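User: Could you walk me through this protein, one question at a time? I'm new to reading structures.

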Amino acid sequence: RRYSRQSIVTYMKEFRVRQAMKLLRGTDFTIADIASQVGYQTQGKFSSAFQSIVKMSPREYRKIQGIASSDPLAKTVMKNSGRLLPTKPNTNIKKGL
């Protein structure tokens, strides 16, 4: 925060939201779990803070980033042109090699 005119409150809010963005992109944790992990007591307060900085809800952000929700079937997916597709096992591998 060196030589910044930004208040510590604003800095912390932005820091927490940046951490949440990483978790939304890289995990399938629930939004409530992420809110708690980044220091918010309620999902509502977290969502309001996130919306004020990112200009979209955490759910919308996750959807745009192509991360699966808590749907167990969606955990094995790959990002392809912005759409989530189930991954297929590689059937071209010969057994025993």
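**Helix α4 and its surroundings**

Analyst: Let's start with α4, a helix spanning residues 58-65, where Pro58, Tyr61 and Arg62 are buried. Helices here are DSSP runs of H or I with at least four residues, strands are E runs with at least two, and both are numbered from the N terminus. Buried means under 20% relative accessible area, exposed means over 50%, and partly exposed lies in between (1.4 Å probe, protein chains only). One thing to know early: this is a predicted model, where local features need pLDDT of at least 70 and side-chain atom pairs count only at pLDDT 80 or more, while totals for chains, interfaces and linings use all residues. Residues are numbered from 1 along each chain as its sequence is written, and side-chain values use heavy atoms, with hydrogens and water left out.

User: How wide an arc do the buried residues of α4 cover around the axis?

Analyst: The arc is taken from the directions that run from the helix axis to the C-beta atoms. The buried residues sit on the same side of α4, because their arc is only 95°.

User: Which exposed residues are on the face of α4 turned away from its buried side?

Analyst: One of them is isoleucine 64, which counts as exposed because its relative accessible area is 54%. In sequence, isoleucine 64 is 39 residues from arginine 25, yet C-alpha to C-alpha they are 9.4 Å apart. The full set on that face is Arg59, Lys63 and Ile64.

User: What covers the buried residues of α4?

Analyst: Look for contacts, meaning heavy atoms within 4.5 Å. The cover includes three other helices: α1 (8-26), α2 (31-37) and α3 (43-54).

User: Which residue follows α4, and what is its phi?

Analyst: Right after the helix comes glycine 66. Its phi is positive, near 80°.

**The core and the loop**

User: Which helix supplies the largest share of the largest nonpolar core?

Analyst: A nonpolar core is a set of buried Ala, Val, Leu, Ile, Met, Phe, Trp, Tyr and Cys residues joined through side-chain atoms within 4.5 Å. The largest one has 13 residues, and Ala20, Leu24, Tyr40, Phe46 and Phe50 have the most contacts inside it. At least two residues come from each of α1, α2 and α3. The largest share, four residues, comes from α3.

User: Why might nonpolar side chains gather like that?

Analyst: That fits a general trend. In soluble globular proteins, such side chains tend to be buried together.

User: Which lysine does phenylalanine 50 touch, leaving out residues up to four places away in sequence?

Analyst: Phenylalanine 50 has quite a list of partners, including Val17, Met21, Pro58 and Tyr61. The lysine in that list is Lys55.

User: Is lysine 55 buried or exposed?

Analyst: Lysine 55 sits in the loop between α3 and α4. Although it is not a glycine, lysine 55 has a positive phi of about 70°. Its relative accessibility is 62%, so lysine 55 counts as exposed.

**The whole chain**

User: In what order do the elements run from the N terminus?

Analyst: The chain has four helices and two strands. Buried residues make up 21% of its 97 residues. Written from the N terminus on, the order is α-α-α-α-β-β.

User: What percentage of contacts between residues at least 6 apart in sequence join residues at least 24 apart?

Analyst: Here you take the contacts in the chain between residues at least 6 apart, then pick out those joining residues at least 24 apart. That share is 40%.
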